[in-house]
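User: I'd like a close look at one part of this protein, the stretch around its two neighbouring cysteines. Could you walk me through it in plain words?

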Amino acid sequence: MAETLDIKNIYGNQQAKRDKRSSLSLIRYADDFVILHEVITVVQRCQEVISEWLKDVGLELKPSKTRLAHTLIQHEQEKPGFDFLGYNIHQYHTGKYSSKQGFKTIITPSKEKQKVHYDQIASVIDAHKSAPQASLIARLNPIIRGWANYYATVVSKQVYSKLDELMYKKLAAWATRRHPQKGEKWVAKKYWHSIGDNNWAFAVKKDKSYLQLLEHDDTPIVRHVKVKGESSPFDGNLVYWSSRMGKNPELPNRVAKLMKKQSGKCAYCELFFREDDVMEVDHIIPKSQGGKDEYKNLQLLHRHCHDTKTSSDGSPGIKSGCNSAKPKPTESEIRDTLAPLKRLVLEVGKWVTRWV
């Protein structure tokens, strides 16, 4: 499509086919797509071409979902920016010391999806007016976790805080309604507890621990990292994809998770793992010294780093449950071991040491 468009360079000549293709961006997911170009006439022509092509197969663009807008400035009656897959993409003017381009691209959860998410939370709370607190928490946690994780790669902290505030007000109304004869302090003490650094955790005590309601703001923001070059999950690069995704069908689940946790680095020498490296799982505190076989006590090491670490921490090698060699013997132990295996013999008029 790009090759047929009327796109000219600064000298008024038609651009080469390769330049036309690179200047036009088409982002598609299922039946949703966005077309980006710096010239508005090119985008309008793309819309005409797509409409003609869809008409031939009996389809058409939905007017309510079709917009022509600029990402930085207002175009006619359309506000700058656009929504795509639940995100709002908007560019803002900045000072010359903030960006060489003069603008910054900010991606946030769209207002429409924020409203849909809050309405879902509110409907669940309303549906559990007489249900136990534990049932309400168990129903809300998957909803909060899934939504917050989806938007954890973009600028979402302010949105998370706003949703947590709205959710607190809704929960406060839910709790007050259940005890109309009690005061606010009594209600707060019953349903909110101090857990760690959070003095207002909506939680219920179960056995010796608390079942706590998740908060959006507890989800860390981790920026999306673009896939390197032409890498593919099917190219056999186990180290790269395990470090990126935390899973790989050709690696044990434990190894892949640890590699992602350690960002592809050995926890001992802090060097990146390479494709041909031999990797081993190590217990940070050896099992022989009371360490447990759980993820927070595990680390991924090179085999030689594992041997060094095992020999220095005093653990008895493979007996500790680690996949490692035994500690290296001392020089005196080597001499004591090899002493019975050598003897002095006479050969061609001279004494030599022979190993038996």
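Analyst:
**Two cysteines and their surroundings**

Cys 266 is buried, with just 1% relative accessible area (buried means under 20%, exposed over 50% and partly exposed in between, using a 1.4 Å probe and protein chains only). Before we go on, this is a predicted model, in which local features need pLDDT of at least 70 and side-chain atom pairs count only at pLDDT 80 or more, while totals for chains, interfaces and linings use all residues. Residues are numbered from 1 along each chain as its sequence is written, and side-chain values use heavy atoms, leaving out hydrogens and water.

Is Cys 266 bonded or unbonded to another cysteine through a disulfide? The structure holds 0 disulfides, a disulfide being a pair of cysteine sulfur atoms within 2.5 Å. For Cys 266, the nearest cysteine sulfur belongs to Cys 269 and is 3.7 Å away, so Cys 266 is in no disulfide by that cut-off. Seen from the other side, Cys 269 is in no disulfide either, and its nearest cysteine sulfur is that of Cys 266, at 3.7 Å. Cys 269 has 28% relative accessibility and counts as partly exposed, whereas Cys 266 is buried.

Now move along the chain to Phe 272. Where does this residue sit? Phe 272 is in the loop that runs between helix H8 (253-261) and strand S9 (279-283). Here helices (H or I, at least four residues) and strands (E, at least two) are DSSP runs numbered from the N terminus. With a relative accessible area of 55%, Phe 272 is exposed. Even so, this residue has partners: leaving aside residues up to four places away in sequence, Phe 272 touches Ser 263, Gly 264, Lys 265, Asp 277 and His 302, where contact means heavy atoms within 4.5 Å. Another way to place Phe 272 is by Met 259, which is 13 residues apart from it in sequence and 10.0 Å apart in space, C-alpha to C-alpha.

One of the partners of Phe 272, His 302, leads us to the next elements. Strand S10 covers residues 298-302, and helix H9 spans residues 303-312. Which residues of H9 are buried? They are Cys 305, His 306, Asp 307, Lys 309 and Thr 310. Their cover includes strand S10 as well as S9, and S9 is the strand at the far end of the loop that holds Phe 272.
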